[in-house]
Structure formats: C-alpha cells, structure tokens
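Colleague: Please take a close look at a single part of this model, the place where the two chains meet. A connected account would suit me better than a list.

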2 protein chains.
Amino acid sequence: MSMKRIRPVLVHTQEAPHSGWKDKILQGHCVSELAKLPPASVDVIFADPPYNLQLGGDLLRPDHSRVDAVDDAWDQFESFEAYDAFTKAWLLAARRVLKPNGTLWVIGSYHNIFRVGASLQDLGYWILNDVVWRKSNPMPNFRGRRFQNAHETLIWASRDKDAKSYTFNYEAMKAANDDVQMRSDWLFPICSGSERLKDEDGCKAHPTQKPEALLARIILSSSKPGDVILDPFFGTGTTGAVAKRLGRHFVGIEREDEYVRIAKERIDAVEPLTDEVLRIAAGKRAEPRVPFASLVESGLVAPGTELTDAKRRYRAYVRADGTIAVGDDAASIHRIGARVQGLDACNGWTFWHVKRGKDLMPIDELRRTARERMQVAAPA
Amino acid sequence: MSMKRIRPVLVHTQEAPHSGWKDKILQGHCVSELAKLPPASVDVIFADPPYNLQLGGDLLRPDHSRVDAVDDAWDQFESFEAYDAFTKAWLLAARRVLKPNGTLWVIGSYHNIFRVGASLQDLGYWILNDVVWRKSNPMPNFRGRRFQNAHETLIWASRDKDAKSYTFNYEAMKAANDDVQMRSDWLFPICSGSERLKDEDGCKAHPTQKPEALLARIILSSSKPGDVILDPFFGTGTTGAVAKRLGRHFVGIEREDEYVRIAKERIDAVEPLTDEVLRIAAGKRAEPRVPFASLVESGLVAPGTELTDAKRRYRAYVRADGTIAVGDDAASIHRIGARVQGLDACNGWTFWHVKRGKDLMPIDELRRTARERMQVAAPA
DNA sequence: CCTTCACATGAATCGACCT
DNA sequence: AAGGTCGATTCATGTGAAG
C-alpha cells in the first residue's frame, strides 16, 4: 500500500492531492478508494458490507492479492476465509483514514456479523457497544423452521482501546429517549413505501437500502455538525443523504455506476436543516468550567459564608482564597465534602448549600448565575 | 479429532462405560468431562461460557457505591488468542456429544460473542438464528459514555449445515406469542428477587445466574419432552432445574464444588410438571414506550415544526435530534414544558400541541399513531 | 392495612485537564 | 509521561422500614 500510488480522484481543484474530497462519491472498490483518502481525516465510518458469503465480485486479501470468486464448489472453510480476508482488508483501509478519536459503525446479520466483529477486534478496534436494530415490520419466516429474523446487529467501535475522547452525544440521546438513557436496542421500521428508491420498472433500486431513521440515530449520537461521515459501501447513498440533511459532510465509495447515479441525484435533492435545528443538546460536560474561587472573587459568595450539606449535618466556612474550612482543615469544596463524609470523592457543587431565607440552595445554582454572567461578558 | 475414533454408542445396557450419565452433574473441566460422555447422545446444548470481560478499575455509581463486577478468575484470559483456543476446545468437544440433528445454544455479550460465533462457524456448526435477550431492567451506564448495555446475544446453531431435522416447536412458539411467529428478540427481566440464589451471607451465590424464563423458552422451542439437555458451564444449575421441570433430562458440567452443591440441592427441590401442554407464563405486555425522537425519526413530526401549549402561550420548535427548543434552551418535551411554566415537571405529551388546520392537536395523538404502527412488532 | 420512602443492586471492556 | 485535581454520572425492581 505505497503512498506513492495515491492520486487525486474525482478532484475538482488541481493544487493539493487530497483537496476537495468531501461531499463526493468515489466510484471504485472500497479498499483502493480508501487508500486514496488522507489519513486520520474522517470522524465516523458507517459500513454496510455485503452480508452474503457467495460474493460475485472481487475479494482482496490484506495484501491486496485477489481471491477467486466464491462458488458452491468451495468448501465451507475456504469461503469463510475468503470473507474474512475481504473484511480485514476494508477494515484496515478504513482504520487508516479514521481520526484517532473517530468511531466505526458496521451493520450485519448473523451470516457475517460474528466474523466482522472478531476481525475488527483482531485489528485493534475497540468495541464500545453492540446495538440491535429491532425491525417493527420484519419479513416473516415462511417455512416455519426458525424464529422470525426480526433484527440486525450494529457494532460501534473506537479506533483504539485507549481512545477515550470519541464523540457520544449522551445528553442528546437521553433527551431524545424521554429523559432516560438510550439503550442498545433500537426499534425502527424497515425501509419501505415512498422512502424506498425504485428504478424505472418500479422495482426496488437497491436490495438492502437502510432506513434513514437508523442512519439519523447513528449520526446524531456519534458525530457533531460539520464532521465527516464516510460510507465505504455507499449503495444508493442513504448515509450521504442523512449526513447532508443533518449538517455533516459525507464521503461515499461505491462500485456500481447505477447506484452512484441514483445516490447523486438523491443527495442533490436533500435540503440541509438549519443550524438552529441541528444544535446538540449539551450536558454539563460541555459547559465552561467555573472555579469556586471565582464565585468568591466576583462577590457571589462572601468570604465567611457558612456552607452546609442538604441535611445540615456538616458545616464549613468560605475563605477568601476560594477554599472552604472545617475547623483547621481547609481545601477545595470537593476535598472537604469528601472528607466530612469519609468518602474518596465528592462533587462539592451539589453537596454544599448556602442559606436563602429558611431554605437551602446548592452552590451549583450560584455557579449557574456565574455562567450566565460570563455569557453576557464574553458571548461565543 | 479423527473420525476413526467415533463409534456408534448410545448405550442402553449396564455393561457400557457410559451408562447412568443422565440427570447428573459432572464435576470437572468442561472439555475433559465432555470427552467422557458418549458421542452423538445429546439433543440440545446450552452454554453460558465466560464472557472475557475486560474491566478497568473500580466503577462507582453516581451515589459513590461500588459496582460488584464480575472479576472471578475463571473469566480472565491472556488475549483474544487464548480465549479463542479455549472456545474452540469446548465447542469441538461439545460437537462430538451432540446428536446429528441436535442444536447448540450459546449466550454472550459483545465482549465474546463475535469470537464465539466465528469459532463455531469455523468448526462446522451452522447458525440457525441469532436471538437477542432484551433486558427489561438492565444496569445503567453510570458514566454516560456509551449506550446502556441492555441486551445479550444468543446464537442457535445446528451441528452441521445439512442437518434439516433439528427440533423447532414452531407452533408452540407461535401460540406462546399471541399467535404470531416468535421473533428473534425476546424480552425478559434479569434474574433477581427470590429467584436469585443467595449464599449464607445473603450475597448472590453466582455472579451471572440466568433467569429461568430464558432457559424455559430455549428448552421449549428446541427440544421435546424426554430429550437430553447438556450444559457445560452449569454454574448453579438453572439449565438443570428448568429441564427437569419441563420433563427433559439434563447433564451438567461444573468445576466449582460450591456451585455443584448448590445446583444439586436446587434441582432436587424441583417438581416436574406433569401437564402435557407446557406453556410459558405470558410475559407482561405493557404499552410500548415511544420516545418523542422516534416521531421525528419516523417523519410523523418534521424538524422545525412549531409546538405550542393548548392556550398558545408558549412556543417551541422541534429539532432533528428529538429535543425541542425555546430560544437557546433545548431539551426534552418534558423538560422544556416544565421550564416555560416554571414547574418542576411536566408531561410534554399532553402539554405540547401541533397545528392541524386552525386547531391544535396534542402530540399525544401522534404518539398513539406511532404505537399503532408499531403494534406489528408484538413484543414478547 | 395501605402508602411512601430509603436503600440495595444487576455479566461493565464507563474521564478530562492541568501541571 | 505521570500524577493530582476537578467534578460528572443511574434505571428498574425488590425489600423493608416508616408513616
């Protein structure tokens, strides 16, 4: 995989080799097209690889040598091995273009997902969740010989085990789920009706078109507006259409002319949502940090003020330097809160209270006031 | 494992070395104990192998209590390679004792299930279904860093690709599911309360005891009365207890003295059902909860839609992630409803309305529509 | 006796930032 | 690079005491 062979494809400017690679569909095989993209440049990858082991087309080993097409004459072991080689090849190429804190989503069924999951673990990806897409209207099992196959499986993984700063819009997901945290099982209908793209004959244009709602949940949970979403098995461009609508960039890779044509047309027709609608519900983690000392400095809390816990079991006094004291013991609101309770840790903002008339108010309320004043002083 | 060593057995006489092997717990390592059983003698295998959990340090709840995690020695493996070797060893030994038309069930989480699935495919097992156990009461994700891990995965496989005469009680499953085919996603609570076995100190006797309802569905779906159910990771004997109650034979393999003792006692106390018709107690069929976001995702409410209260005093608009916004303030329909009224809580479903012509319609009506569309899903 | 509240707990790969 | 500090974070259910 020599870098020398990398050339600009579908390039609209002449200058930089990688310029203008966003919001485009690259036509070609996913492994070779991935090799042309700049390294560590993509925030999220969504991949819907072939499920079937009887692949008609090209299979590449990790060294890019070609595997002969799988047919029924091949024994089982060989065909699994061929699928694994194909899987590891694209997973490896995808990992190169993923940012260190980027994440990968793969969808599959029991035919392939166990092989995909094991392969990505072998390559160093670190699984964050497996997520189940429960289909509200799955196809029945016609022969009555098995359970109705009513779900597909998604794997969500970070590039590395130690990557801790991946994007997960926890608060947005929680708010979207009636204020309880989003679970690993999601219910969506399959893609049908007017959403399902048809060709001239009225037949479905693509055999495995995914519902836009599924892609929306994926993109909203694990990316921010302006991020780049890559789909190496683009098909008719569901990922691109949803990414564009949600204010993200997309990159699609697809081999078939016809799918590329349909996807382009589809995405061109998409109207992006406004920034207002797209802003992500942010939790406390995203808010600016306000040290307790600055509340004292700004006069929101006077030195000497008495602090107590909600049940008035413990008392402390505010000192001019922003520490608080119990007896001779002085330290931060967190340290002292932990110490009086005999705990290792404590969030002093929610533990300590000030008197307001007969009632108590957590000092976290004062922090909110301080933050509001900061907003006025220095608007973003 | 050479084919030459396999002999026709299934011995019914006293002389044979394998006589009297049913309804017993074999104490020892699963691979060596499996080797002592007659070949092709077991109808169903249920296996709950170690999950290979990779825990960091301690995990604290928001209230600072410590989570009692699985850190037992039997769940520690050096590497993926070591885990794979262990997995293939027991899967191979298990395959020898399985009848040609017997089936295997394995349960796992994302930590191990992809490796187990790929391994069993490599060994010649043929996957019939993957089944998702949706937990009605899973442990939360305490740090808000991922989706709540709310399910585990089961794989159901036949011994060979060509085995067509495995047992699947299609009609019984359909009858147990309100006369529609049983789906591949099952809803059960985790094992707790009086069903959870405790030791002398009142602590849980086994860290990963499975609910009997889960085993009952497995056994009822894929075996007949009188069949032999083998569990190579017997633990405290849930498989044996349920098999006995349902009129099946069991064989358990377990290493730990203490688990063997508890399991024996437990199974001895089980009274087999005499009823010809064995039915699972129908699970709860509560109304499915519909998050507001799913209305946006499904297109029932467009992003940007204006919401008002019944008297049109307050206005909010819908965002793409299913939160709603008033000015810069965005959160769930409930939170924003509470905030504009200056209340602590609010039922957003009845508070907020959308325009329908000149009139207003509570969004609760839209929820009803969404539920009706979802009824097809028929939760277990 | 009923309601309410406090508390316990379950297969978990569960930070970010500054010095 | 390692270490210290700040400070964010939970849902369903069962049990048992309190009112």
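Modeller: What follows describes the contact between the two chains, then one strand residue and the cysteines.

This is a predicted model, in which local features need pLDDT of at least 70 and side-chain atom pairs count only at pLDDT 80 or more, while totals for chains, interfaces and linings use all residues. Residues are numbered from 1 along each chain as its sequence is written, chains are lettered from A and ligands numbered from 1 in the order in which they are written, and side-chain values use heavy atoms, with hydrogens and water left out.

On the chain B side, 77 residues are in contact with 73 residues of chain A, contact meaning heavy atoms within 4.5 Å. Together the chains bury about 6,800 Å², and 51% of that lies on carbon and sulfur atoms; buried area is the accessible area (1.4 Å probe) that two parts lose on being put together, summed over both. F114(B), R145(B) and F147(B) supply 13% of the area that chain B buries against chain A, more than any other three residues.

Five salt bridges are counted between chain B and chain A, each a side-chain nitrogen of Lys or Arg within 4 Å of a carboxyl oxygen of Asp or Glu. One of them pairs D185(A) with R134(B), with the closest N and O atoms 2.6 Å apart. There are also 36 residue pairs in polar contact between the chains, both residues at pLDDT 80 or more. A polar contact is a pair of N or O atoms within 3.5 Å; within protein, one must be able to donate a hydrogen and the other to accept it, and residues adjacent in sequence count only if both atoms are side-chain atoms.

Several elements of chain B each supply at least two residues of the side that touches chain A, among them α3 (113–122), β5 (151–158) and α9 (333–341). The largest share, nine residues, comes from β4(B). Helices (H or I, at least four residues) and strands (E, at least two) are DSSP runs, numbered from the N terminus.

T103(B) sits in strand β3 (residues 98–108) of chain B. With 1% relative accessibility, T103(B) counts as buried, which is under 20% relative accessible area, against over 50% for exposed and in between for partly exposed (1.4 Å probe, protein chains only). Its side chain makes a polar contact of 3.0 Å with that of W156(B).

The structure holds zero disulfides over all chains, a disulfide being a pair of cysteine sulfur atoms within 2.5 Å. For C203(A), the closest cysteine sulfur, in C191(A), is 15 Å away, too far for a bond. C203(A) is partly exposed at 42% relative accessibility, whereas C30(A) is buried at 4%.
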